[in-house]
Amino acid sequence: MKKTTAIELLGGTPGKAAKALGYKAVQTIYAWPDDLPQALQDRIVGVLARTKKPRQKRAAS
């Protein structure tokens, strides 16, 4: 996963991404490599699984 993709998934800004992951400093996000290691990817997926609202089914028209 690319750093830019992760930031988008976590809110769209480095600040929101840092907050979602529980980091106190946004600089942590800026220090990420462009290609994220698997452990960090797994953490991001876990945060998304816990925080995203489930999709609602569409009503049949």
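Which residues does Gln41 touch, not counting residues up to four places away in sequence? In this predicted model, the answer is Met1 and Leu36. Gln41 sits in helix α4, and it makes a handy way into the structure. With a relative accessible area of 17%, Gln41 falls under the 20% cut-off, so it counts as buried. Its side chain also has a polar partner: one of its polar atoms lies 2.7 Å from the backbone oxygen of Leu36. Leu36 therefore turns up twice for Gln41, as a residue it touches and as the owner of that backbone oxygen.

Stepping back to the whole chain, the fold is an all-helix affair, with four helices and zero strands. Read from the N terminus, the order is simply α-α-α-α. The chain has 61 residues, and 26% of them count as buried. About 4,900 Å² is exposed, with carbon and sulfur atoms supplying 54% of that area. As for contacts between residues at least 6 apart in sequence, 45% join residues at least 24 apart.

Back to α4, the helix that holds Gln41. It has 14 residues and reaches 20 Å from its first C-alpha to its last, close to the 20 Å expected at 1.5 Å a residue. Its buried residues are Leu40, Gln41, Ile44, Val47 and Leu48. Looking down the axis of α4, these fall within an arc of 125 degrees, so they line one face of the helix. The general rule behind such a pattern is that an α-helix has 3.6 residues a turn, so residues three or four places apart point the same way. Turned away from the buried side of α4 is a face carrying the exposed residues Ala39, Ala49 and Arg50. The cover over the buried residues of α4 includes α1 and α2.

Helix α2, residues 14-21, tells a similar story. Its buried residues are Pro14, Ala17, Ala18 and Leu21. They take up an arc of only 100 degrees around the axis, which means they sit on the same side of α2. Lys16 and Lys19, on the other side of α2, are exposed. Among the elements that cover the buried residues of α2 are α1 (3-9), α3 (27-30) and α4 (38-51). Just after α2 comes Gly22, which takes a positive phi of about 85 degrees.

So what gathers in the middle of all this? The largest nonpolar core has 13 residues, and the ones touching the most other members are Leu10, Leu21, Ile29, Trp32, Leu36 and Ile44. Helices α1, α2 and α4 each supply at least two residues of this core, and α4 gives the most, with four. This fits a general tendency: in soluble globular proteins, nonpolar side chains tend to be buried together. Ile44 shows how the core is stitched up. Setting aside neighbours within four places in sequence, Ile44 is in contact with Met1, Ala6, Leu10, Leu21, Trp32 and Leu36.

Other residues of α4 pair up in space with the start of the chain. Leu48, in α4, counts as buried at 16% relative accessibility. Its C-alpha atom is separated by 7.3 Å from that of Leu10, although the two are 38 residues apart along the chain. Not counting residues up to four places away in sequence, Leu48 touches Leu9 and Leu10. Val45 is also in α4, but at 47% relative accessibility it counts as partly exposed. Val45 and Leu9 are 36 residues apart in sequence, with 9.2 Å between their C-alpha atoms.

From the α1 end, Ile7 completes the picture. Ile7 belongs to helix α1 and is buried, with a relative accessible area of 12%. Leaving out residues up to four places away in sequence, Ile7 touches Gly12, Thr13, Pro14, Ala17 and Ile29. Two of these, Pro14 and Ala17, are among the buried residues of α2. Ile7 is also 9.5 Å from Ile44, C-alpha to C-alpha, across 37 residues of sequence.

Notes
Residues numbered from 1 in each chain as written. Predicted model: local features only at pLDDT ≥ 70, side-chain atom pairs only at ≥ 80, totals over all residues. Heavy atoms only, no water. Buried < 20%, exposed > 50% of the residue type's maximum accessible area, 1.4 Å probe, protein only. Contact = heavy atoms within 4.5 Å. Areas by Shrake-Rupley, 256 points an atom, 1.4 Å probe, with all protein chains shown as cover. Arc of directions from axis to C-beta. Core = buried A, V, L, I, M, F, W, Y, C linked by side-chain atoms within 4.5 Å. Polar contact = N/O pair within 3.5 Å; in protein donor to acceptor, adjacent residues only side chain to side chain. Expected span 1.5 Å × (residues − 1).
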